[in-house]
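Open the model in the viewer and keep the selection panel at hand. The tour goes from one sheet to the whole chain and then to its interface.

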Amino acid sequence: MSRRQSGRRKVFYLFHRSAGIASAFLGVIVFFTGALVVFGHDLDGWASRDRPAPSIADLPPGFIDRAVVTAQDALAAKYEGDFGTRDIRVGSAPGALTLSFSIPDDDKRADYVDIDPATGAILRAERFTFSDRVKSEPRSSLERFFVQLHVRLLVDGKLGLLLTGVIAILLLLLVGTGLYVHWPRRGNLVRPPRKSMRQWLGDMHTLIGAWSMPFTFILSVTGAFFSFAGAILIPVMIVVAFGGDQEQMMAIVKGDYGVSESEAVAVVQPMIDDARQRAPGTSIGRLQLNEWGGKEAHVVVSVFVPGYALSNRGLVYDGHNGSFLAEKAVLGAKPSVGGEVLRWIGPLHFGNLFGFATQLVWMLLGLLTCVLAGLGFGLWAIRNTERSPKGARVARALLGGCAGLPVAAGATIAAWGFAQGPRVWTAMTLAFFGSLVATMIGGALLPLGRCLRLLFGLGAAGLAIAPLIGFMVTGIGPFAALKLPEASHTAYVDLGFLLSALLLGLAAARLPGFEESLEQTTLAPGEPELLDEPATT
Amino acid sequence: MNSKAPRRRWLREVLILLATFVVALIVSASMTTFLPEGPARIDHVIFAVVAFPLVWALAFMLLLGAQRRRRAWIMTGAITVAALVPVIGRFVS
């Protein structure tokens, strides 16, 4: 290796270490909650298994047309005026058909109307920002809490997106510098970790990092895309590419499908029936009634195979006469490379490429990234034990926080169960961060091995009682759920909780034996913790 | 060992991170002026947004790992100015 390469390697190694320490803790919260929300849809179904989301395709004929008119009348009466042209989204949520109506000149709020799928009556009609809407539903708030924690660390607005965007960029830089420092050769990828505690931590960190690197790269690039696109890039691009004309860009994104010239308003039901014939074997996702009541009125019927995001298709119908116009491209009116790129970005980030199998792999790899960060904190703690006791304590606190994430998740589920009502979001926030702080204090004060055993044990207990919490809230246990066709899949969520609890319990039980198997030796002078660690002094 | 060295290193890393953010933002914005719009007429924006984190990471690693730092900064500055020209041209024309 040349002197120049060696110097660069040292700089990258130091950055990798400091950026890892600086970003890993918030990063671990993002990775852990991201791993949970891979199955967010199932978690939401589990939390509302007594009132499943209605299938749009199975609603009585004409139900959606009646629901749209009912909601429009209710909103016109509520706001005392002509209803006018709006974009309407029709979807399903636990126990309700939901309609959201855009508000002219207000891109932050929308009118949300929930319709009872059995009677067609309005359950509630409120004007919300998306963020407030998310917090307003106690039952669905469990999944949404973890989603908001993952997407914006519960910080509202663009600041939260910027925060997670910076974490994604730092993760990308950790991948890049880690690749340069520990270039994965065949030997590195299969080398068993050495037996000294601190070398075992370092070797496992390198080994897991090398194997999970392609996944981490994909997650960081797609995550940065989602965070920065909404927070800063799209507004900048609108200014540069479209001269600041947001409406022009939206018109291009929606696409011009050549709707007929008419004042008539089409009936939606025949479009749903036609979509089912054109895409057999798929489910109806949601309906977009764009420019509804206006000249450019058209309807996009989304069809998909659950768990296979790449199967998503949009069928476009004329909003005046109901005739089929075209299959919708991802962006704009015609298929393009950019649209195809965009079609892959979501599934690559969320793991719903090819159903349950890829979702499970994505969840496990996400959790592995948390383990990677935990090993890094462990290494930092042991390294500082002699050099800087204060630094070692901070590292142990952060490691305690990492290992305490299952405890925090269990506490959040318990808070959700016991605080069903308007204060559920506050209760979950306090439970999550309160237990995280408690686990960090435990990490700082207790010996490392004992702390990990305690946290794994508490995490196992927290996750083991989750099925009971679900039963307490919904009144339906896993065995009863198996007998309900629309809720049977939610029994697997209970199984997932119990399996995770079992694995954590096993980890807690086997930790002392594992600790004994490692040599508690200090390194000989000059002996590296990481096999390919560059000299930094 | 110089006790100020780690702090100076941190400051340098943060400075490079901020500077390369600006570089990536300008280069990505500039991409929308010369990349093809495609049949959907919005491909140039999608490519630019996807490229943003990659440009940021690449520029950061080039500046951080540069052995001839001054030359690296000058090169990066020149690329940024070159990228800024078509962006400004959009507003002037």
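Over how many bridges do strand β3 and β4 of chain A pair? Select residues 106-115 of chain A for β3(A) and 122-129 for β4(A): the two pair in the antiparallel sense over 7 bridges. Helices (H or I, at least four residues) and strands (E, at least two) are DSSP runs, numbered from the N terminus, and two strands pair if DSSP finds at least two bridges between them.

This is a predicted model, in which local features need pLDDT of at least 70 and side-chain atom pairs count only at pLDDT 80 or more, while totals for chains, interfaces and linings use all residues. Residues are numbered from 1 along each chain as its sequence is written, with chains lettered from A and ligands numbered from 1 in the order in which they are written.

Stay on this hairpin and pick A:Asp111, whose bridge partner in β4(A) is A:Arg127. The hairpin has 6 residues between its strands, and A:Gly120 takes a positive phi near 80° there.

Next, show the whole sheet. It is open, has 8 strands with antiparallel pairing, and runs in the order β4-β3-β2-β1-β5-β6-β7-β8 (chain A). β4(A) and β8 (324-328) of chain A are at the edges with a single partner strand each, so one side of each has no neighbour in the sheet.

Move to β6 (298-305) and β7 (308-318) of chain A, which pair in the antiparallel sense over 7 bridges. Here A:Val301 has A:Leu315 in β7(A) as its bridge partner.

Now add the helix α10 (269-278) of chain A. This helix lies across β5 (283-292), β6, β7 and β8 of chain A and runs at about 40° to β6(A). Axes are lines fitted to C-alpha atoms, for helices over the stretch in contact, and angles run from 0 to 180 degrees between N-to-C directions.

Zoom out to chain A, which has 19 helices and 8 strands. Its C-alpha atoms fill a box of roughly 85 × 55 × 40 Å along the principal axes.

Finally, display chain B. In all, 37 residues of chain A are in contact (C-beta atoms, placed from the backbone, within 7 Å) with 33 residues of chain B. On the chain A side, the elements giving two or more residues are α1 (3-37), α6 (157-181), α8 (197-242), α9 (246-254) and α11 (337-350). Select α8(A) for the largest share, 10 residues.

Terms used:
Contact = placed C-beta atoms within 7 Å.
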